[in-house]
Amino acid sequence: MKTFTKSQLALRNGQDREEIWVAYQGVIYDVTDSRLWRNGKHYEHWAGQDLTDELADAPHTEKVFERFQQVGVLGD
């Protein structure tokens, strides 16, 4: 899989580009087609970021990421 930097991930926030991506545990997922991520926002969470630390506050488990395509990994 391709490696992306945090800066490259940040551009996929639904505002700067059409892609809407989020990272979880080092893997980047494409959530563009999810109706819950319209305009790059999902409740109080913003796309283009690593959401690993935020999952503890979510009403769902990490299994939610199984629905989305993996597009790469998060590098330095």
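Trainee: What share of the contacts with a separation of 6 or more in the protein comes from residues 24 or more positions apart?

Mentor: In this predicted model, such residues account for 65% of those contacts, where a contact means heavy atoms within 4.5 Å.

Trainee: What radius of gyration would a compact globule with 76 residues have, and what does the protein have?

Mentor: The globule rule takes 2.2 Å times the number of residues to the power 0.38, and with 76 residues this gives a value near 11 Å; the protein has 11 Å, so the two agree.

Trainee: Why are E1 and E2 said to stand at the edges of the sheet?

Mentor: Four strands form an open sheet in the order E1-E6-E3-E2, with mixed pairing. Strand E1 (3–4) and E2 each have a single partner strand, so one side of each is left without a neighbour in the sheet.

Trainee: What makes E2 and E3 count as paired strands?

Mentor: Pairing requires at least two bridges, and E2 and E3 (residues 27–30) have four, in the antiparallel sense; therefore they satisfy the criterion. Tyr24 stands opposite Val27 in E3, and the two strands form a hairpin with two residues between them, where Gln25 in the turn has a positive phi of about 50°.

Trainee: How do you know that E1 and E6 count as paired?

Mentor: E1 and E6 (residues 69–74) have two bridges in the parallel sense, which meets the requirement of at least two; in E6, Leu74 is the bridge partner of Phe4.

Trainee: Which way do the residues of E2 point, and are they buried or exposed?

Mentor: Trp21 and Ala23 point one way from the strand, Val22 and Tyr24 the other way, and all are buried, that is, under 20% relative accessible area.

How values were computed: Residues numbered from 1 in each chain as written. Predicted model: local features only at pLDDT ≥ 70, side-chain atom pairs only at ≥ 80, totals over all residues. Heavy atoms only, no water. Buried < 20%, exposed > 50% of the residue type's maximum accessible area, 1.4 Å probe, protein only.
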